[in-house]
Amino acid sequence: RKAITIKTKCDFCGKVIFKRKYLYDLCEKHFCNNKCYVGYKRMRKKNREKELTRGKLSRLYLKEKKSCREIGDKFGFRQGERVRQLLYRYSIPIRTKSERMLLVQHKNKKRGLTEKVLTRLYLKENKNTYDISRKFGFATVGPIISLLRRYNIPIRSNSEAKLLRSR
């Protein structure tokens, strides 16, 4: 039995290549070798950095108060480390820890997550941290636990949480 092959072009150099159908269907981009793949990745990285000019970065970070991670997500960088490096390169002043914390508090208030709301959900309605984090659009429970600690709301032990789940 002969494998089905598809004729296509390398997305980096344009060379004609033959790919097995299952591999062709598996990938969006096709390369003739690893050298072309690495070259393509480098080209994409340079293009992303060209898109994120000093003016754009300054506007997003200083005026719109976006975090490095939010900017990185928008421009396809992993996490916010590369954005921080660009801030240093462009001499854009980086926020202090206290400024970052104030921004987080402000964003939480915008979401409607105040001490009063958190106390009501967690203590009176017996919601768990996972449900609260989903309700307010957090990816993990970490920010909710941090807020519980900051507001001195007693955190349930694992055994208490299991008892509530079983009811």
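Modeller: In this predicted model, a residue counts as buried when its relative accessible area is under 20%, as exposed when that area is over 50%, and as partly exposed in between.

Colleague: Why is Tyr40 called buried?

Modeller: Its relative accessibility is 12%. The cut-off for buried is under 20%, so Tyr40 at 12% is buried.

Colleague: What makes Tyr37 partly exposed?

Modeller: Tyr37 has a relative accessible area of 36%. That value lies between the limits of 20% and 50%, so the term is partly exposed.

Colleague: And Phe31, buried or exposed?

Modeller: Phe31 is buried, because 13% relative accessible area is under 20%.

Colleague: Why is the pair of Phe31 and Tyr37 called edge-to-face?

Modeller: The ring centres are 5.5 Å apart, and the planes make an angle of 70°. Centres within 6.5 Å make a pair, and planes over 60 degrees apart make it edge-to-face, so both conditions hold here.

Colleague: What makes the pair of Phe31 and Tyr40 tilted?

Modeller: The distance is 5.2 Å centre to centre, with 50° between the planes. An angle of 50° is neither under 30 degrees nor over 60, so this pair is tilted. The search of the whole structure finds 2 aromatic pairs, and Phe31, Tyr37 and Tyr40 form one aromatic cluster.

Colleague: How many disulfides does the structure hold, and how do you know?

Modeller: The count is 0. A disulfide needs two cysteine sulfur atoms within 2.5 Å. The closest cysteine sulfur to that of Cys13 is in Cys10, at 3.6 Å, so the distance is too far for a bond. Cys27 is in no disulfide either, as the nearest cysteine sulfur, that of Cys10, is 12 Å away.

Colleague: How accessible is Cys27?

Modeller: Cys27 is partly exposed, with 36% relative accessible area. Cys13 is partly exposed at 44%.

Colleague: What is said to sit over the ring of Tyr122, and how far is it from the ring centre?

Modeller: The charged end of Arg156, 3.9 Å from the centre of the Tyr122 ring. The distance limit is 6 Å, and the value of 3.9 Å is within it, so that part of the test is met. Arg111 lies over the face of Phe138 at 4.1 Å from the ring centre, which is also within 6 Å.

Colleague: Which residues have the most contacts inside the largest nonpolar core?

Modeller: Leu52, Leu57 and Ile71, in a core of 13 residues. Helix 3 (54–63), helix 4 (68–75) and helix 5 (81–89) are the elements that give two or more residues to this core. With its neighbours within four places in sequence left aside, Ile71 is in contact with Leu52, Leu57, Leu60, Tyr61, Lys66 and Val83. Apart from this core lies another, of 12 residues, including Leu113, Leu118, Phe136 and Phe138.

Colleague: Why is Leu148 called buried?

Modeller: Its relative accessibility is 0%, and the cut-off is under 20%, so Leu148 is buried. Leu148 is found in helix 9 (residues 142–150). Its contacts, beyond the neighbours within four places in sequence, are Leu118, Tyr122, Thr129, Ile153 and Ile155.

Colleague: What makes Glu81 partly exposed?

Modeller: Glu81 has 42% relative accessible area. That is over the limit for buried and below the one for exposed, so Glu81 is partly exposed. Glu81 is found in helix 5. Glu81 and Lys135 lie 28 Å apart in space, C-alpha to C-alpha, and 54 residues apart in sequence.

Note on methods:
Residues are numbered from 1 along each chain as its sequence is written. This is a predicted model: local features need pLDDT of at least 70, side-chain atom pairs count only at pLDDT 80 or more; totals for chains, interfaces and linings use all residues. Side-chain values use heavy atoms; hydrogens and water are left out. Buried means under 20% relative accessible area, exposed over 50%, partly exposed in between (1.4 Å probe, protein chains only). Helices (H or I, at least four residues) and strands (E, at least two) are DSSP runs, numbered from the N terminus. Contact means heavy atoms within 4.5 Å. A nonpolar core is a set of buried Ala, Val, Leu, Ile, Met, Phe, Trp, Tyr and Cys residues joined through side-chain atoms within 4.5 Å. Rings of Phe, Tyr and Trp (its six-membered ring) pair if their centres lie within 6.5 Å; planes under 30 degrees apart count as stacked, over 60 as edge-to-face and the rest as tilted. A charge sits over a ring if NZ of Lys or CZ of Arg is within 6 Å of the ring centre and within 35 degrees of the ring normal.
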